[in-house]
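I opened my notebook to record what I looked up in this structure, going one topic at a time. The sequence and the model come first.

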Amino acid sequence: MSSVRFMSLSSGSCGNCYWFGSEAGGILIDAGVSLRRLKSGLQAAGLGMDSFSAVLVTHDHLDHIRDLGSYCKKLSRPVYATPTLHAALAHHTFAAPYITGCRRDLEEGAWNEIGPFLVHAFTVPHDATQTSGFAILHEGYKFVIMTDIGRMTDEAVALASQADAVVVESNYDMDMLMGGPYTHELKMRICQGNGHLSNDECASAIRRFWHPGLKHLFLCHLSENNNTHELAYTCSKKALDDLGVAPGTVHLVALPRQYPSPLFTLRSE
């Protein structure tokens, strides 16, 4: 069996794009970086533009779909999203008119076969047309990603509770947000359950979904203005410590914002 791997091309309001797969094939999650950045990031990790056969889209905010139209026009890879999201993308400046021929609908509440992957889309709270997290099965490995999630749901916890690896938002530190320069309205949009997940809320979620089979935990979508990698990492690390998780049992990483992460090899044992 070939090794299962994961990398972030970019993670944050500057742009979001992730790769997950193995030598048997790969899948791209979101299209928030240019084709040039995508190509250079993949090549630096020893991957080519043929290393993914499809694109999953979480939601229609600009930092997740800025270059989706370009991907469709120049790569013609199938784009998978829920019917509700696809209906919005069909009229979005950064997707139309190129997405029509690439459109593939995900059946909600079911496992969808996409090449060597099985993908389950689950709805999460976020102020977009519709926002999905994804549970992905590949070569016996279960991977869950939820990049923008205003509050944790029971379904998200249940899926993460079975995963070998979880990518979860840890967007802001509450003290930094409230003491920062954002308007009151923007602060409320971020923190009132339909925006983003704080470091403390992420840590609380980890306490709910941690299980002995969880081996990799990636913190994503960190705010440039309202968070630091150290704060996000420390908060989640404390949650693992409080659970009595032995050091080194879970590989915990706060993903970089504006540049690619390493290509991580994911272990299940």
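The entries below cover a pocket, a nonpolar core and one aspartate.

Entry 1, the model. I noted before anything else that this is a predicted model.

Entry 2, the pocket. I looked up the largest pocket and found that about 250 Å³ of space lies in it. The lining is made by 18 residues, and the closest to the pocket centre are Ser13, Tyr182, Arg189, His196 and His221. I then asked which helix gives the most to this lining, and wrote down helix 7, residues 184-191, with three residues. Sorted by class, the lining holds nine polar, five charged and four nonpolar residues.

Entry 3, the core. I turned to the largest nonpolar core, which has 32 residues, and listed those with the most contacts inside it: Met146, Met152, Val166, Val168, Phe209 and Leu217. Several elements each supply at least two residues of this core, including helix 5, strand 11 (165-169) and strand 12 (216-220). Helix 8 gives the most, with five residues. I picked out valine 168 and, leaving aside its neighbours within four places in sequence, found it in contact with Met146, Met152, Leu197, Cys202, Leu217, Phe218, Leu219 and Cys220.

Entry 4, the aspartate. Is aspartate 154 buried or exposed? Aspartate 154 counts as exposed because its relative accessible area is 60%, and the cut-off for that word is over 50%. I placed aspartate 154 in helix 5, residues 154-160. Its side chain makes a polar contact of 2.9 Å with the side chain of arginine 208. I also noted that the C-alpha atoms of aspartate 154 and phenylalanine 209 are separated by 9.7 Å, although the two residues are 55 apart along the chain.

Key
Residues numbered from 1 in each chain as written. Predicted model: local features only at pLDDT ≥ 70, side-chain atom pairs only at ≥ 80, totals over all residues. Heavy atoms only, no water. 1 Å grid on protein atoms, 1.4 Å probe; cavity = no way out; pocket = protein on both sides within 12 Å on 5 of 7 lines; lining within 4 Å. Points joined across faces, edges and corners; volume = space filled by probe spheres on them. Helix = DSSP H or I, 4+ residues; strand = E, 2+ residues; numbered from the N terminus. Nonpolar A, V, L, I, M, F, W, Y, C, P; charged D, E, K, R; others polar. Buried < 20%, exposed > 50% of the residue type's maximum accessible area, 1.4 Å probe, protein only. Polar contact = N/O pair within 3.5 Å; in protein donor to acceptor, adjacent residues only side chain to side chain. Core = buried A, V, L, I, M, F, W, Y, C linked by side-chain atoms within 4.5 Å. Contact = heavy atoms within 4.5 Å.
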